[in-house]
Amino acid sequence: GLTAIGLSGGVQGGFLRDMPINERRNFAIAVGLGLAYDHFGQNLFVGEDPEGNSIFRVLDGGVNYTRNQFGMAMVEVPIEFRWRTSTPTAYRFWRIYAGARIGYAYWYESSFSQPGNDVNQTKIPEFNPVRLAATLSFGYSTFNFFASYSINPFFKDAYTIDGEKVDLRALKLGLMFYIL
């Protein structure tokens, strides 16, 4: 089956405008704009046949390859509901921020390498460039834990050559640093 292989990662940056919704200012809604780059190592080969139709194949142990990655760059609009223990004079506080990110992948590439063969796909009709994710961050002061889960799969109406539906989604876990 489809599995992650190697180290996947990414980086994101942006800003959020915090709009308090109560007098104490510890509840807020925030909206923003950001950029993100993600790359995923996995065992799903994405190629095309001589007629230009997409090929999706889960690579088993019998295929010798050195690299198989999928990468994308996105513009994102995050929306968050925020709760915190802050006061007007305290900049160290507990926080829990939950929300969603709506993104658009303006660039993507599937790359595969094996001895004597390199395949790079930048036109995959089944790829869904509209990215939706649920997010959660929580922690104290500057350092916070972060999680994001893809609500929609990367590919729509995509099937492997064995007839299996391709339901590739991302679960991201990491640290988030808040600069006040």
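Is I29 buried, exposed or partly exposed? Select I29 and keep that question in mind as we walk through this predicted model. I29 counts as partly exposed, because its relative accessibility is 37%, which falls between the 20% limit for buried and the 50% limit for exposed.

**Stop 1: around I29**

With I29 still selected, colour by secondary structure: this residue lies in strand β2. Now show its contacts. Leaving out residues up to four places away in sequence, I29 touches R17, D18, M19, I21, E80 and F81. Pick the C-alpha atoms of I29 and R17 for a distance label; the label should read 8.3 Å, for two residues that are twelve apart along the chain.

**Stop 2: the whole protein**

Zoom out for a moment. You should see ten strands and zero helices, and the order along the sequence is β-β-β-β-β-β-β-β-β-β. The C-alpha trace spans about 65 × 25 × 25 Å along its principal axes.

If you colour by burial, 39% of the 180 residues come up as buried. Switch on the surface next: the accessible area is about 10500 Å², and carbon and sulfur atoms account for 61% of it. For the contact map, take contacts between residues at least 6 apart in sequence; 64% of them join residues at least 24 apart. Colouring by charge brings up 16 positive and 16 negative charges, whose mean positions are 15 Å apart.

**Stop 3: the salt bridges**

The protein has six salt bridges, and we will visit some of them.

Start with D18, which you have already met as a contact of I29. Its side chain forms a salt bridge with that of R84, at 2.7 Å from N to O. This pair links distant parts of the chain, with D18 in strand β1 (residues 9-20) and R84 in strand β5 (residues 67-84), 66 residues apart. Both D18 and R84 are buried.

Go on to K172 and D38. Their side chains meet in a salt bridge at 2.8 Å, N to O. K172 is in strand β10 (residues 171-177) and D38 in strand β2 (residues 27-41), so this pair ties together parts 134 residues apart in sequence. D38 counts as buried because its relative accessibility is 5%.

For another setting, select D167 and R169, whose side chains form a salt bridge at 2.8 Å, N to O. Here D167 is partly exposed at 43% relative accessibility, and R169 is partly exposed as well, with a relative accessible area of 30%.

Before leaving, select D18, E80, R82 and R84 together: salt bridges with shared partners join these four residues into one network. Two of them, D18 and E80, are also among the residues that I29 touches.

**Stop 4: a buried arginine**

Which side chain of opposite charge is nearest to R131? Select R131 in strand β8 (residues 130-140) to find out. The nearest is D38, 7.7 Å away, and R131 is buried without a salt bridge. You have just seen D38 paired with K172.

Show polar contacts and look at what the R131 side chain does reach. It comes to 2.8 Å from the backbone oxygen of N152 and to 3.2 Å from the backbone oxygen of P153. Beyond its neighbours within four places in sequence, R131 is in contact with M72, M74, R101, I102, G103, S150, N152, P153 and F154.

**Stop 5: S137**

Stay in strand β8 and move to S137. This serine counts as buried because its relative accessibility is 1%. Setting aside residues up to four places away in sequence, S137 touches R95, I96, Y97, F145, F146 and Y178. Draw a line between the C-alpha atoms of S137 and I96: they are 5.9 Å apart, with their positions 41 residues apart along the chain.

**Stop 6: two loop residues**

Finish with backbone angles. Most residues other than glycine have a negative phi. Select R25, in the loop between β1 and β2; its phi is positive, near 70°. Then select D157, in the loop between β9 (143-150) and β10. D157 is not a glycine either, and has a positive phi of about 55°. It is exposed, with a relative accessible area of 62%.

Definitions and conventions: Residues numbered from 1 in each chain as written. Predicted model: local features only at pLDDT ≥ 70, side-chain atom pairs only at ≥ 80, totals over all residues. Heavy atoms only, no water. Helix = DSSP H or I, 4+ residues; strand = E, 2+ residues; numbered from the N terminus. Buried < 20%, exposed > 50% of the residue type's maximum accessible area, 1.4 Å probe, protein only. Lys, Arg positive; Asp, Glu negative; His and termini not counted. Polar contact = N/O pair within 3.5 Å; in protein donor to acceptor, adjacent residues only side chain to side chain. Contact = heavy atoms within 4.5 Å. Areas by Shrake-Rupley, 256 points an atom, 1.4 Å probe, with all protein chains shown as cover. Charge placed at Lys NZ, Arg CZ, Asp CG, Glu CD.
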